[in-house]
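Please open the structure in your viewer and keep the sequence beside it, since this tour moves from one selection to the next.

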Amino acid sequence: MPPRTEKDRKNPRLPPEVTRLLYVRNLPFSITSEDMYDLFGRYGAIRQIRIGCDKGTKGTAFVVYEDIYDAKRAVDHLSGFNVANRYLIVQYYQHAKMSKKLDLKKEEEEITKLQEKYGVSTKDK
């Protein structure tokens, strides 16, 4: 595990979006949890890794670090990293943003159902 840099010690303030929980996309479908621990463990102690396994979550994972600075280093070094000819997308997980996306999908589905129920079309005639 690389030691904290001098910059980390001097500037303990991090941007508000930085969290210990990372959301990883564009993973190869064949990646194993051992591969994930080897790759992400280089940057610090990991509390948990969850790899998506069903149709909607395959190729994604959540990585939880023990220390927020380790998570920041992982994002800085692994965003765009090539694994099995796939470039990783590593982001800080933002619960509020993800829940807004889910709420928006539910609202769109509800509007579509109401449009079908009352025979309303949004297409231009």
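Which residues form a nonpolar patch on the surface? Before selecting anything, please keep in mind that this is a predicted model. Now select Leu-114, Tyr-118 and Val-120, which together make up the nonpolar surface patch and have about 320 Å² of accessible area together. Within this selection, look at Val-120, which is found in the segment after helix H4, the helix that covers 95–118. Val-120 counts as partly exposed, because its relative accessibility is 48% and the partly exposed class runs between 20% and 50%.

Next, select Glu-107, Glu-108, Glu-109 and Glu-110, which gather on the surface in a patch of negative charge. One of these residues, Glu-107, lies in helix H4, and with a relative accessible area of 48% Glu-107 is partly exposed.

The next stop concerns aromatic rings. How many aromatic pairs does a search of the whole structure find? The search finds 2 aromatic pairs, and to see one of them you can select Tyr-23 and Phe-62, whose ring centres are 5.2 Å apart and whose planes stand at 40°, so that the pair is tilted. Tyr-23 lies in strand S1 (residues 21–25) and Phe-62 in strand S3 (residues 61–65), so this pair ties together parts that are 39 residues apart in sequence.

Are the two partners buried or exposed, or partly exposed? Tyr-23 is buried, with a relative accessible area of 15%, whereas Phe-62, at 29% relative accessibility, counts as partly exposed; the cut-off that matters here is 20%, because buried means a relative accessible area under that value.

Keep Phe-62 selected and add Tyr-93, with which Phe-62 forms an edge-to-face aromatic pair, at 5.3 Å centre to centre and with 85° between the planes. Phe-62 belongs to strand S3, while Tyr-93 sits in the loop between strand S6 (89–92) and H4, so the pair ties together parts that are 31 residues apart in sequence. Tyr-93 counts as buried, its relative accessibility being 19%.

To finish, show Tyr-23, Phe-62 and Tyr-93 at once, because rings pair if their centres lie within 6.5 Å, and these three residues form one aromatic cluster.

Key:
Residues are numbered from 1 along each chain as its sequence is written. This is a predicted model: local features need pLDDT of at least 70, side-chain atom pairs count only at pLDDT 80 or more; totals for chains, interfaces and linings use all residues. Side-chain values use heavy atoms; hydrogens and water are left out. Patches are made of residues with over 30% relative accessible area and no salt bridge: like charges are joined within 9 Å, nonpolar side chains (Val, Leu, Ile, Met, Phe, Trp, Tyr) within 5 Å. Accessible areas come from the Shrake-Rupley method with a 1.4 Å probe; for residues, only the protein chains shown count as cover. A salt bridge is a side-chain nitrogen of Lys or Arg within 4 Å of a carboxyl oxygen of Asp or Glu. Helices (H or I, at least four residues) and strands (E, at least two) are DSSP runs, numbered from the N terminus. Buried means under 20% relative accessible area, exposed over 50%, partly exposed in between (1.4 Å probe, protein chains only). Lys and Arg count as positive and Asp and Glu as negative; His and the chain ends are not counted. The place of a charge is taken as NZ of Lys, CZ of Arg, CG of Asp or CD of Glu. Rings of Phe, Tyr and Trp (its six-membered ring) pair if their centres lie within 6.5 Å; planes under 30 degrees apart count as stacked, over 60 as edge-to-face and the rest as tilted.
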